[in-house]
Amino acid sequence: MTDTAAATCEDRRRKIGRIGQIVALIILLLCILFLGWKVLQFGKADEGAIVTQYEGMTREEIQAELDRTVRENMMTVSVAPTALLDENGDVAVNVINEESNRFPQRFSLIQDGEVVYRSGTIDPGKTVSSCHPDHISAGPAVIEIQALDPESSEDHGSPTRVDISIVEADES
Amino acid sequence: MSARTTRTRNRLGTLACSVGVACMLASPTIALAQDKVVTGTSGTTDVTVQTSNENIKFSIPTIIPFAAAGDGELVGPTASETLIKNLSVFGIHVTNMSVEEEAPWVLAPDAETAGRDNSVDFQVGPSLNVRDAFNASQEGGIDLSDNENWDMDYAGGESDSIQLETYGNISHATVDLSGDGAKIATISWTVAPGQHVS
């Protein structure tokens, strides 16, 4: 084999090797992306009312399991029933996520069917004393409290609403 | 407990709270009274009552689990464990219950006769006023604001909680109910301070 032929073969081998590496990298990247997608899909469902089949358990065992699920998913809600609206547009909602709660919370302030404010995550033991909605007026409103999954921060369980009154601070 | 007794106790509980607040307000109003004309050793004192802005506080289940039996019966948790419990210094009441079905489940008045895949019916509420999820899934939910069975006394009062009975049925289930189970609906409760509106 001449030197030129040998060099050509060598080049060809390197090219094939490089292509092979690139293909292997692409496959590896696809695998990583696929695994990541599967992990994201494997979050807990945001349960509210759920149905499960319990096989091989007595009625008493099933009842105990249902009761345990309820106990472990209780949430304490604490908000001001009368929220003062000051001249700056701040509303004193005093939303408290009790320290004994298992779940972070998020709340929405709703008036006339419109969400005028949505909070970030409130960890157990934390308080949001006031918020600044886009717009609000004195009168009836609703605070909706949503429990969040501690790991994924996705909605956990059913939300709870509280009827409150917005009162202008100088009228209180 | 009779309704009259309950209302009497509620009034006593509210009165106890109001008297406490009135006592705190008595000092400045006595000073005002002294600015008025007072003869002898008697005078007048204005006593005012102001609603305390203590938080409304209660505990509530975020999940109501059911177990499905082979015949389609749904078994719910024990009522004494499934509580809405008032932790406030004043009475509160549930004003609304609304339910939103979770696809592919379909809420029906009667799952057994619904004739559709993944039909479900379930009922939730205190023993004297159990409510149907299908009705609660209609627009606006179920207005409970005038129903005394959804009242709760101030924390520590004799009726400071509501025990929720739960039961129902499913039929033609095609959803896999093993493992963590399946979400069939979201139940949203609305709570307000005070007692029911007669």
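These are my notebook entries on a predicted model, covering chain B as a whole, one sheet, aromatic pairs and salt bridges.

**Entry 1. Chain B as a whole**

I began with the make-up of chain B. I counted 3 helices and 13 strands in chain B. I then looked up how much of the chain is covered, and found that buried residues account for 45% of its 198 residues. For the surface of chain B, I noted an exposed area of about 9800 Å², of which carbon and sulfur atoms supply 50%. I also looked at how contacts spread along the sequence of chain B. Of the contacts between residues at least 6 apart, 74% join residues at least 24 apart.

**Entry 2. A sheet with strands from chains A and B**

Next I followed the strands of one sheet. In what order do its strands run? I read the order as β2(A)-β1(B)-β4(B)-β11(B), an open sheet of 4 strands with antiparallel pairing. I then asked which strands form the edges. They are β2 of chain A, residues 74–79, and β11 of chain B, each of which pairs on one side only. From one strand to the next, I recorded an average twist of 15 degrees.

I looked further at the end of the sheet formed in chain B. There β4(B) and β11(B) pair in the antiparallel sense over 3 bridges. Across from I84(B) I found I162(B), which lies in β11(B).

**Entry 3. Aromatic pairs**

I turned to the aromatic rings. A pair of such rings is described by the distance of the centres and the angle of the planes. Over all chains I recorded 3 aromatic pairs. I entered two of them here, one from chain A and one from chain B.

The pair in chain A consists of F107(A) and Y117(A), with 5.6 Å between centres and 35 degrees between planes. This pair is tilted, because an angle that is neither under 30 degrees nor over 60 falls into that class. F107(A) belongs to strand β5 of chain A (residues 105–111), while Y117(A) belongs to strand β6 of chain A (residues 114–118). The two residues are 10 residues apart, and their pair links distant parts of the chain. Is F107(A) buried or exposed? I found F107(A) buried, at 0% relative accessible area. Y117(A) has 23% relative accessibility and counts as partly exposed.

The pair in chain B is made by F66(B) and F122(B), and it is also listed as tilted, with centres 5.5 Å apart and planes at 50 degrees. I located F66(B) in strand β2 of chain B (residues 64–68) and F122(B) in strand β7 of chain B (residues 119–125). They stand 56 residues apart, and the pair links distant parts of the chain. F66(B) counts as buried at 1% relative accessibility. F122(B) counts as buried too, at 0%.

**Entry 4. Salt bridges**

I then searched for charged partners. Side chains of opposite charge can pair when their charged atoms come close. The search of the whole structure gave 11 salt bridges over all chains. I wrote up three of them: R13(A) with E10(A), E72(A) with R68(A), and D160(B) with K85(B).

In the bridge between R13(A) and E10(A), nitrogen and oxygen are 2.8 Å apart. Both residues sit in helix α1 of chain A (residues 3–41); they are 3 residues apart, so about one helical turn separates them. R13(A) is exposed at 53% relative accessible area, whereas E10(A) is partly exposed at 30%.

For E72(A) and R68(A), I recorded an N to O distance of 2.8 Å. Both lie in helix α2 of chain A (residues 59–72), 4 residues apart, about one turn of the helix. E72(A) is partly exposed at 34%, and R68(A) is partly exposed at 31%. Which residues join in a network here? I found that salt bridges link E65(A), R68(A) and E72(A).

In chain B, the side chains of D160(B) and K85(B) meet at 3.3 Å, N to O. D160(B) lies in the loop between β10 (151–152) and β11 (161–163), and K85(B) in strand β4 (residues 83–86). This pair links distant parts of the chain, 75 residues apart. D160(B) counts as buried at 9% relative accessibility, because the limit for that class is under 20%. K85(B) is partly exposed, with 29%.

Notes: Residues are numbered from 1 along each chain as its sequence is written. Chains are lettered from A and ligands numbered from 1 in the order in which they are written. This is a predicted model: local features need pLDDT of at least 70, side-chain atom pairs count only at pLDDT 80 or more; totals for chains, interfaces and linings use all residues. Side-chain values use heavy atoms; hydrogens and water are left out. Rings of Phe, Tyr and Trp (its six-membered ring) pair if their centres lie within 6.5 Å; planes under 30 degrees apart count as stacked, over 60 as edge-to-face and the rest as tilted. Buried means under 20% relative accessible area, exposed over 50%, partly exposed in between (1.4 Å probe, protein chains only). A salt bridge is a side-chain nitrogen of Lys or Arg within 4 Å of a carboxyl oxygen of Asp or Glu. Two strands pair if DSSP finds at least two bridges between them. Axes are lines fitted to C-alpha atoms, for helices over the stretch in contact, and angles run from 0 to 180 degrees between N-to-C directions. Contact means heavy atoms within 4.5 Å. Accessible areas come from the Shrake-Rupley method with a 1.4 Å probe; for residues, only the protein chains shown count as cover.
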